Amino acid sequence: MPGPLRPYGLTCEHRVTPLGLDEPRPRLSWKLADDRRGQRQSAYRLRLATDDGTNLFDSGVVTSEETLDVVPGEVSLGPATRYTWRVTVWDADGTEGETAASWFETGLLRPSGWGDAEWIEHDPTAAPALEPPAADPHPLPERLATCPGARLMRKVITLRDNPVRARLYVAARGLHRVTVDGLRVGDDELSPGWTDYRHRVLYQTYDVTEALGAGRHVLGALLVDGWWSGYLGFDQRRPAEHYGARPQLIARLEVEYADGGREVTVTDSSWCETAGHILHSDLLMGEVHDARHRPEGWDRAADFDASGWSPVRVAGRDHATLLGALDEPVRVTETVEPVASRHLPDGRLILDLGQNLVGRIRLTVRGATSGTRITLRHAETLDDDGELYTANLRSAEATDVYITAGRSVETFEPVFTVHGFRYAEVAGHPDVTVVAQVMHSDTPMVGEFGCSDADVNRLWSNVRWGQRGNFVSVPTDCPQRDERLGWLADAQVFAPTACYNADVQAFFSRWLLDVTDGQSARGAFPDVAPALDRPVINREGAPAWGDAGVLLPWLLYRVYGDRRTLERCFDAMTRWIDWIAEGNPDRIWRRRVGNHYGDWLQVDALTPRDVLATAYFARSTTVVADAAEVLGRAAEARTYRKLVTEIRAAFQTEFVSDDGMVEGDTQTGYLLALAFGLLPDHLVQPAADRLASAIRRAGERLTTGFVGVSLLCPTLSRHGRDDLAFALLRQTEYPSWLYSVRHGATTVWERWDGYTDHAGFQAPSMNSFNHYALGSVGEWLYARVAGIAQAEDSTAFTDLVIAPAPGGGLSFAEACYDSVRGPITTAWSLDDSLFTLDVSVPPGARATVHLPLPSGSDGSAVREGGVALDDAPDVTVAPVVEGGELRCQVGSGTYRFTVPFRTPGQED
């Protein structure tokens with residue numbers, strides 16, 4: 001028998017069982033499952049206890065449908081404590097459902113929790129340890145050779161008994177990997193990730209209870225520059241002009257015994273360090289390992305002779321910037337084997353992974369003599385001669401080198417670098433096996449899409465691979481060349497698509513800390529975050545770029561119901577608007593525009609920059625007014641509503657003609673005016689017609705760049721032109737999404753003309769083959785092609801709009817989106833006589849289903865579950881057929897609708 005209502009998918013701070021949480025008032029959420037139709041939660045009971053069973057909080061039975069971001073009262077959480085929590089739910093009829101349980105564990109909670117732990121680093125003035133000799137008589141790539149290698153740090157400890165609980169807290173200004181007795185701790189990569197280190201450094205918490213016992217142990221750590229002091233961005237000046245001159249480590253080990261005793265070990269002057277077998281390491285340039293000079297036993301043998309090692313230098317005891325990790329780390333999430341290989345006459349091996357990905361090569365070597373040098377080079381594509389095409393990497397070497405120890409079988413994978421590549425070249429030894437390890441921030445994947453067009457499916461796959469490869473600690477623009485920066489416009493135009501593909505709530509809310517920290521005292525948001533006080537990168541105030549500081553917090557509220565992030569960002573949002581308004585009293589945004597990029601990389605069009613800027617000024621001001629209303633700040637809502645009215649009037653006076661023409665007469669200009677509601681009612685249709693004309697003039701091709709492309713298909717659909725949206729989607733001639741697909745792309749390109757038949761490769765100065773901005777069409781694939789969207793006044797997918805668009809030459813489409821409410825699924829098919837739509841709505845949500853009707857139909861032949869709609873349980877039919885479609889309201893559950901339907905052009 002179906003039922004009862006069941007809670008599942010429990011999260012704390014939007015993460016599953018987080019370890020080392022520094023949030024004093026954590027938000028608890030759960031999803032609901034029930035096979036019955038029309039189900040929802042009518043009440044819940046939330047209980048919180050310490051891990052030893054001490055009850056701290058019991059909400060009692062709370063009459064509420066809320067399942068998101070519930071804070072358990074005024075509970076005072078202790079540091080380094082595990083808490084269990086349970087939620088019991090009651091269904092729509094008031095019947096008690098099931099109970100589910102989960103846990104979270106606090107971190108050190110406050111800077112004082114670090115106690116005597118000190119930042120330690122290499123002391124360049126100390127007597128040097130024995131450095132390994134030069135790796136090879138042949139020179140390394142120039143920039144790779146300038147990168148310092150890893151410092152090896154160690155500490156021997158003695159435990160008096162087996163611990164019942166042991167936690168290791170670690171952070172680095174740089175990148176770290178830690179070990180206990182030679183065994184790697186955790187599965188995180190490139191930790192602690194990239195943040196604006198001037199404001200915060202994230203620390204990781206590791207449960208090392210099982211790794212420790214009575215007796216002596218070795219704590220080991222590898223430490224390199226990373227984002228802290230390595231090559232960063234396209235400004236190649238070196239470490240002292242980054243965040244710091246050399247990397248630093250801080251750690252605290254807390255051990256508890258069964259008798260209640262505790263022991264604490266921290267980083268301090270008693271640690272020692274040396275150079276090691278990682279001779280050179282850099283995120284952009286690559287890594288060099290010399291296996292001959294790995295000091296065997298350094299990280300696992302308590303009696304290892306470290307007499308030649310040097311004492312570390314203590315670099316301070318500043319704990320103020322340390323904060324427990326806020327989202328999932330970068331991890332290896334997949335292994336990809338080559339699909340093809342080619343041996344060259346000179347002994348080199350070129351491998352095709354079949355997918356442009358981000359990660360590293362894992363190399364297995366057999367039968368190499370000691371000192372054999374094996375070089376790995378990486379590229380996204382091949383040139384016309386079949387060689388690696390690396391010109392577009394600019395100064396990034398993307399080269400790894402392994403020097404063998406002479407064992408019969410050796411395995412190498414770089415530790416502190418990451419590359420964007422599809423092709424790899426292996427040189428130096430013939431007997432090797434290669435696999436690629438895919439790396440990215442481990443945001444849970446929540447979306448799937450498919451349809452009857454293989455090219456469109458490939459496009460969707462390209463969009464998702466691009467997201468995976470560019471969400472590496474921060475949302476970067478590209479993963480392969482000497483840039484890899486958190487450009488704000490790229491992120492804001494792509495974020496709606498990103499939310500359908502993966503659960504990015506924790507990822508984006510953490511990155512928004514860097515966005516707001518990068519805001520200038522005047523109110524200008526930076527162009528990139530984390531921000532850097534360096535030429536080239538320290539730009540600020542660009543329209544559509546800085547607006548991410550407003551639009552992203554609002555998006556997280558809309559998609560996830562994340563009110564806390566909206567509250568936290570609100571003052572920064574208003575400062576941005578106030579800064580623009582103060583500099584532009586005529587409400588046309590022409591001053592304070594920073595490095596105005598316009599509609600970046602648009603094709604055969606030039607959208608006036610003041611049109612674009614003023615449109616975004618209006619859009620962001622509208623969002624700030626909406627946010628003020630949500631947060632109960634009525635006076636500010638009125639202030640910004642008034643400002644929106646002024647901007648809208650100025651836009652119409654300055655840029656809109658009486659016949660609906662928007663200055664510039666470009667696709668993007670019309671898209672901005674229509675999508676952001678800047679036109680008077682009587683000019684909306686004329687402007688939509690002009691948009692259609694502009695697309696037809698271009699041969700049903702797009703001309704939009706980074707900004708306009710995200711609005712293109714959604715705006716056409718909103719104004720009744722699904723036909724043109726599909727024509728653009730399925731266009732295979734340049735410029736189009738499928739042009740790159742037809743040319744073998746497995747990720748979305750930075751430029752429409754990254755490679756063309758008529759011109760070959762674009763200029764290598766800016767030509768990434770893995771950029772997600774132009775992949776923002778993914779939102780429309782989910783929301784319109786498959787039909788999973790939410791109402792304009794809805795948050796957290798409470799009120800759904802299921803309005804798929806059958807047509808465009810597709811015979812079926814399907815999607816699944818695992819929302820914060822639970823999975824939402826659609827699948828439609830269209831044959832010569834029948835349109836079928838399967839829909840699944842999670843408990844607690846409701847949906848308006850739009851069903852297309854053939855011309856002249858009154859909807860009486862529509863069926864749900866094989867019966868007339870009026871007889872279908874939990875289906876309420878709208879009394880009027882509008883716009884050639886029938887609408888009905890449904891609650892949670894699974895539904896199948898069938899509509900007798902003739903495809904266009906079919907004979908009566």
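Two strands pair if DSSP finds at least two bridges between them, and strands here are DSSP runs of E of at least two residues, while helices are runs of H or I of at least four, both numbered from the N terminus. Keep that in mind for this predicted model, where local features need pLDDT of at least 70, side-chain atom pairs count only at pLDDT 80 or more, and totals for chains, interfaces and linings use all residues. Residues are numbered from 1 along each chain as its sequence is written, and side-chain values use heavy atoms, with hydrogens and water left out.

**Stop one: a sheet**

Select threonine 876 and glutamine 889 of β48, which are bridge partners. Now widen to β47 and β48 (residues 885-890): they run antiparallel and share three bridges. Zoom out to see an open sheet of five strands, ordered β39-β40-β44-β48-β47, with mixed pairing. β39 (789-790) and β47 (875-877) are at the edges with a single partner strand each, so one side of each has no neighbour in the sheet.

**Stop two: helix α8**

Next, pick residues 609-630, helix α8. Of its 22 residues, 16 are buried (under 20% relative accessible area, 1.4 Å probe, protein chains only), so the rest of the structure largely encloses α8. Just past α8, click glycine 632, which has a positive phi of about 75°.

**Stop three: the cysteines**

Cysteine 569 is buried, at 1% relative accessible area. Its sulfur lies 14 Å from the closest cysteine sulfur, in cysteine 499, too far for a bond. Cysteine 816 is partly exposed (between 20% and 50%) at 27%, and its sulfur is 16 Å from the closest one, also in cysteine 499. With a disulfide taken as two cysteine sulfur atoms within 2.5 Å, the count is zero.

Key:
Expected span 1.5 Å × (residues − 1).
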